[in-house]
Amino acid sequence: MINWTKKRAWLAIFAWLATLAVAFIGLGKLTLNNDYKVFFSKDNPDLVAFEQIEDKYNSNDSVLVVLRPKSGDIFQPDVLQTIIELTEQGWQTPHSYRVDSVSNYQYTRAVDDELLVEDFISSDELQQQTVLADKKQYALQQPELLNRYLAADAKSTAINVLVRLSVDEQSEEVREIAQFWQDLIAQTQEQHPEIEFYLTGQVMQNDAFGEASQRDMGSLVPIALLLIILGTGIYLRSIWSSVVITLAILSSIFIALGAAGWLGIAITSPSASAPIIILTMAVADCIHFLQGFKKAQLDGKAKPEAIADAMAKHRLPIILTSLTTAVGFLSMNFSDSPPFNDLGNITAMGVFAAMLLTLYFAPALLVVLPLRRPPAHQQQWLSRPLTKLARWTIKNPALKIAAVLIFSLVIAANLVRNKIDDTLFEYFDESYAVRQANDFTYAKLTGVASIQFALRPEGGETVTSPNFLQKLDAFVTSARDTDGVYHVQSLTDIMKRLNSSLHNDDPSYYVLPQDPQLSAQTLLLYDMSLPYGLNLSNQVALDKKELRIIITAKKMSSNQLVVLESNLRKQLLEHFNATSISPGVSADIMFAHIGYRNNISMLTASVAALVLISLLIGIMLRSVRLGLISILPNILPASIAFGAWGMMVGEVGLSLSVIASMTLGIVVDDTIHLLYRYNTLRKSGYSEQEAIQSSVKHTGLAIIGTSLVLSLGFLVLACSSFKMNADMGLMTAITILIALVLDLLLVPAMLKITSAKNRPIESNEQAIGLPLG
């Protein structure tokens, strides 16, 4: 035990300052990653399949610019001129390689024996009402445009800007692209107030991930910090105690984030919640120590003796709770989603830093700060109710345990009502511009989610072979009639249009060519006539032995999207062999599948964490019985919380899949303090009843305080505008409060009923008033 002289205290403070200096250097190395692919491990099969298609046909990452005039349709001169201008300016988008819109749709017609390919709408035609009327009628008949670039009522349209993003600097590129279009649309909106503009697409959603990270770290962390400082100040009734806690939790956060910077861990939208979690966990350690310190002062001890007494009684529980909490968060490395690995690792580092700060920095500060002895009446008001609760709990303990278990199991049984489901664009609430854009786009124009398939002809055929095209056309026809499909991008539409154009736009020739050579020559002629950037490389492989089709889906959940992908695959198998069809891929499909994988992996993590935590408790308390007792109050909170969630919400997404493992390390903290206190008293010769009552009375104050502070911190996280963090915060807060009730009701009863030796309760109350901090 350190003798906390002023000299040693100042050495500890200088060591703290040196550590912070190193941490601040690491903070400068911290980066932000808003790439949606970061949610998937490198060997994720969906990601591998997705990148294989993107490598061959270029990335499908885009900015989708949606326009809707407030009156009339888009075939008005001013509106069309705006579309033409934005389409031209779209080529100036950083990292862009293709821009598609109604205006530059490659219109084909034949003049004599020559095939002409030109932009569908030019500025010279805008004042010719008859021409515009004909263009509108033609456009509404083109499956390439309808429900993708043109709404069925012709009142909405879109410009799609495809971009190539690098691997190393993607976050900066996404922000650069998003800023380009945000500035351009703001300027255009001022010039054309009669038109509504929306920005969506994968790039804008990526940028929203970065915005979510900045929002949570920039607003929720200060709010949580302020509330916790005020809450602990009121609870401990000491300004200097608030100062100690504030410096400890801020230092924990800076050290954890600095370590992340040194280790090259980037901040993502899920891991952005780490500071809030760290500050709540750091408070728990400090409260137990400061509560013990104040109790020792109330018992008449001078400041140095009070510090030593508090440290002697709380050092081992603080170490044990920190280790078990770290185990819970480190178990998140079992997650299939790397951002949750990072969240667990950053938080575990913060928890470990908080432990060291509580053991060395907090006592050092208490030595040098001008603390006064608290009034004797402070925090005694709850002692009597806690004593009565403990007495009530250990009377007929079997009955109390049965009642708690029956109630718990009835609620927990509803966890089967939870379905594993998610909706990618609903990760952001309505305060995000991209969410508003997505909602509008789904309602008025097209879908944001998509499914891609790569198809390979067999038997030496190419994609222009009539046999292959006929089978593809049969699939496209059935796919367009499938519930949930907005649009299908397919080469067959181009081939039909070309065949009609080469026959003087005769509608009867809007069919696939039957001659293999004519089919191949027609496609070659068309491809060579296309302007730079608008060729068919995004649909057809260079060797003409594979092509890509893209199905745009209507608004649906992840489960519904998986069902749609399965239905479409079954339709493909009616026409093609399985070896000719790639898996259905897209960012939305990847997010749809990750929830299932993560729940399975985190179930394994929860079991492993539970076993390890119970072993740690048993070993450090040197009691198999206490290790086993800790299991039930650690399992039940998350089970009850998920049961309640099943009754209220019924949907578990990616973020909630890590809750069981994460909260396991948190809720065990109060159980440890209670069991440690009880174990110490029993070894000192006190009876079972005396030990239980004194443990509940004296640790109950700190347990209630830490649980309320922890739940308050996570409830702040529940206010996040990012659904992953909000759900995680709310569920964790619910779990912590449930654990508090179980610790005060179930643990004392379990201690009583499992005790081998019991002495009757003594008539005096000396044991209940033991001067233990």
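The paragraphs below lead through one helix, one sheet and two pockets of a predicted model.

Residues are numbered from 1 along each chain as its sequence is written, and side-chain values use heavy atoms, with hydrogens and water left out. Because the model is predicted, local features need pLDDT of at least 70 and side-chain atom pairs count only at pLDDT 80 or more, whereas totals for chains, interfaces and linings use all residues.

A starting point is helix α8, residues 274-298, where helices are DSSP runs of H or I with at least four residues and strands are runs of E with at least two, numbered from the N terminus. The end C-alpha atoms of α8 are 36 Å apart, which agrees with the 36 Å that its 25 residues should span at 1.5 Å a residue, the expected span being 1.5 Å times one less than the number of residues. Of these 25 residues, 24 are buried, so α8 is largely enclosed by the rest of the structure; buried means under 20% relative accessible area, with a 1.4 Å probe and protein chains only. After α8 comes G300, whose phi is positive, near 100 degrees.

The open sheet consists of 3 strands in the order β8-β10-β9, with antiparallel pairing, two strands being paired if DSSP finds at least two bridges between them. Its edge strands, β8 (450-455) and β9 (485-489), each pair on one side only. Between β8 and β10 (residues 547-553) there are 6 bridges in the antiparallel sense, and F453 has I549 in β10 as its bridge partner.

The largest pocket has a volume of about 770 Å³, and D35, K37, K42, V167 and Q170 lie nearest its centre among the 28 residues that line it. Helices α2 (45-57), α5 (170-191) and α10 (338-368) each supply at least two residues of this lining, and α2 gives the most, with 4 residues. By residue type, the lining of the largest pocket divides into 8 nonpolar, 8 polar and 12 charged residues.

The second largest pocket has a volume of about 610 Å³ and is lined by 19 residues, of which L415, L603, S606, F642 and A660 lie nearest its centre. Two or more residues of this lining come from each of α18 (587-620), α20 (631-648) and α21 (659-683), with α18 giving the most, 6 residues. The lining of the second largest pocket holds 13 nonpolar and 6 polar residues, and no charged ones.

Technical notes. Buried < 20%, exposed > 50% of the residue type's maximum accessible area, 1.4 Å probe, protein only. 1 Å grid on protein atoms, 1.4 Å probe; cavity = no way out; pocket = protein on both sides within 12 Å on 5 of 7 lines; lining within 4 Å. Points joined across faces, edges and corners; volume = space filled by probe spheres on them. Nonpolar A, V, L, I, M, F, W, Y, C, P; charged D, E, K, R; others polar.
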